[in-house]
Amino acid sequence: MKFNRTFLLFAFIISELVSSQIQENRKTEKLDSFFPKYLDFESDRPVANILVNLENRNFKYHKAFGVIDLESQIPCTPDLTFKTASITKIPTAVIILQLMEEGKIDLDKTAYHYLKENSFIDFDNLSLFDGKSYGKEITIRQLLKHESGLADIFTDTKEMLDFVVANPDIQWNPERLMGKYYEYGLNQKVFNLPGNGYHYTDVGYFLLGLCIENITETTLAEQYRIRIIEPLNLQNTYFEYYEKFEIKVKMAHAYYGDIDATKNINTSTDWAAGGWAATTEDLTTFIHALFQNKLFQNERTLKEMIEGNRYGMGIAIQHFKGSTYYGHFGFWGSCILYNPEKQITLCLSLNQVEPKFNTSKFLMKAIKILEK
């Protein structure tokens, strides 16, 4: 009887393994046929490449499709880096929250408290609403949650993006970025009083990056590296344009319409709001470490970071058919999404600002395949 029970248990385990392998193979086949459909080499808004890293408890899918760039036609490999854009807001927020845990920053104190020595910010004129100045009232917490009311330097005026495209030789820095903010009158396009609404803005994260530099008396690049990149061994992640880094792998080119942005646009404009370059595997490692609480001293810090309906602190919150995903999207068609309950991770880059298909539906279909 003991032999029979052992045999039946063994047979059950083998059956489950075989069934699991069959399911994984089917999922791989579906994904292999799904992603190439969205490549577009011919239009005025090409999708030259798609980089993918998908994971759940029992499945990993790490592949690349298309070519590095349309000119060279070199086939993609999964280890290519890409411009992560606003995904960078997550590590920027992480460092602010680490400084909070260390007692070096108070989320409910004003940005002015930490940045009053930075004269180029001009807090008296930073946020003008109905003729009154609110710049000195904006708190760190409000910046993290996009509740400052500040306008965005890119989405709330087309002038900035047009200027950047026309001037690829300019290396940007926070002072130049804030200068353009005032030049375009964005300080008078306030969307809400501090704490009274939500409006997404990179400008708030420029201010957070400056807070990090002022408090630590080091560069933001150094803080990314010593607090996140090196401890997590993110070997192909770097702060593009802002640090000297031995680049080991090529970058998949991003496109702004039909313009090869990687080749022809200086994207140092992103800074603390979007300046990381990374691989899909590195970003997956990062989001897992965040939710495994490897980056904070206290579990409550992560809980506070992800609290919210649509946005926490540097974290976007997405709801897909009853499942909640945490992460961020990026301007160049990138995203990192994580569902802690199902342990599903989706990290990908389309490297196109405005592809000719609905990206939300695209993501929904990819998640549906992954969740089956």
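Let's start with empty space: across the whole structure, a search turns up 1 cavity of 30 Å³ or more. A cavity here is a set of points, on a 1 Å grid over the protein atoms alone, where a 1.4 Å probe fits but cannot get out. This is a predicted model, in which local features need pLDDT of at least 70 and side-chain atom pairs count only at pLDDT 80 or more, while totals for chains, interfaces and linings use all residues. Residues are numbered from 1 along each chain as its sequence is written, and side-chain values use heavy atoms, with hydrogens and water left out.

The largest cavity holds about 40 Å³ of space, a volume being the space filled by probe spheres set on grid points that are joined across faces, edges and corners. Its lining is made up of K83, T84, E240, Y241, T267, D270, G274, G275 and W276 (lining residues have an atom within 4 Å of a point).

Now for the open space. The largest pocket has about 880 Å³; a pocket is an open set of points with protein on both sides within 12 Å along at least five of seven lines. Of its 37 lining residues, S86, Y200, F329, G330 and F331 are the closest to the centre. Elements giving two or more residues to this lining include α5 (159-166), α10 (271-274) and β11, and the largest share, 4 residues, comes from α13. Helices (H or I, at least four residues) and strands (E, at least two) are DSSP runs, numbered from the N terminus.

Helix α6 (residues 174-183) is a good next stop. Its buried residues are P174, L177, M178, K180, Y181 and Y182, where buried means under 20% relative accessible area, exposed over 50% and partly exposed in between, with a 1.4 Å probe and protein chains only. Among the elements covering them are α5, α7 (202-216) and α10. At the N-terminal end of α6, N173 acts as a cap, with a side-chain oxygen 3.1 Å from the backbone nitrogen of E175. Just after the helix, G185 has a positive phi of about 70°. The charged end of K180 sits over the ring of F163, 3.7 Å from its centre; this label requires NZ of Lys or CZ of Arg within 6 Å of the ring centre and within 35 degrees of the ring normal.

Rings also meet each other, and the whole structure has 26 aromatic pairs. F239 and Y242 are stacked, because their ring centres lie 4.9 Å apart and their planes are at 25°. Rings of Phe, Tyr and Trp (its six-membered ring) pair if their centres lie within 6.5 Å, with planes under 30 degrees apart counted as stacked, over 60 as edge-to-face and the rest as tilted. F239 is buried at 1% relative accessibility, whereas Y242, at 22%, is partly exposed. F291 and Y326 make a tilted pair, 5.7 Å centre to centre with 40° between the planes. F291 belongs to helix α11 (residues 280-291) and Y326 to strand β11 (residues 323-330), so this pair ties together parts that are 35 residues apart in sequence.

We finish at R227, in helix α8 (residues 220-229). R227 counts as buried because its relative accessibility is 16%. Its side chain makes polar contacts with the side chains of E102 (2.9 Å) and Q223 (2.6 Å). A polar contact is a pair of N or O atoms within 3.5 Å; within protein, one must be able to donate a hydrogen and the other to accept it, and residues adjacent in sequence count only if both atoms are side-chain atoms.

Key
Contact means heavy atoms within 4.5 Å.
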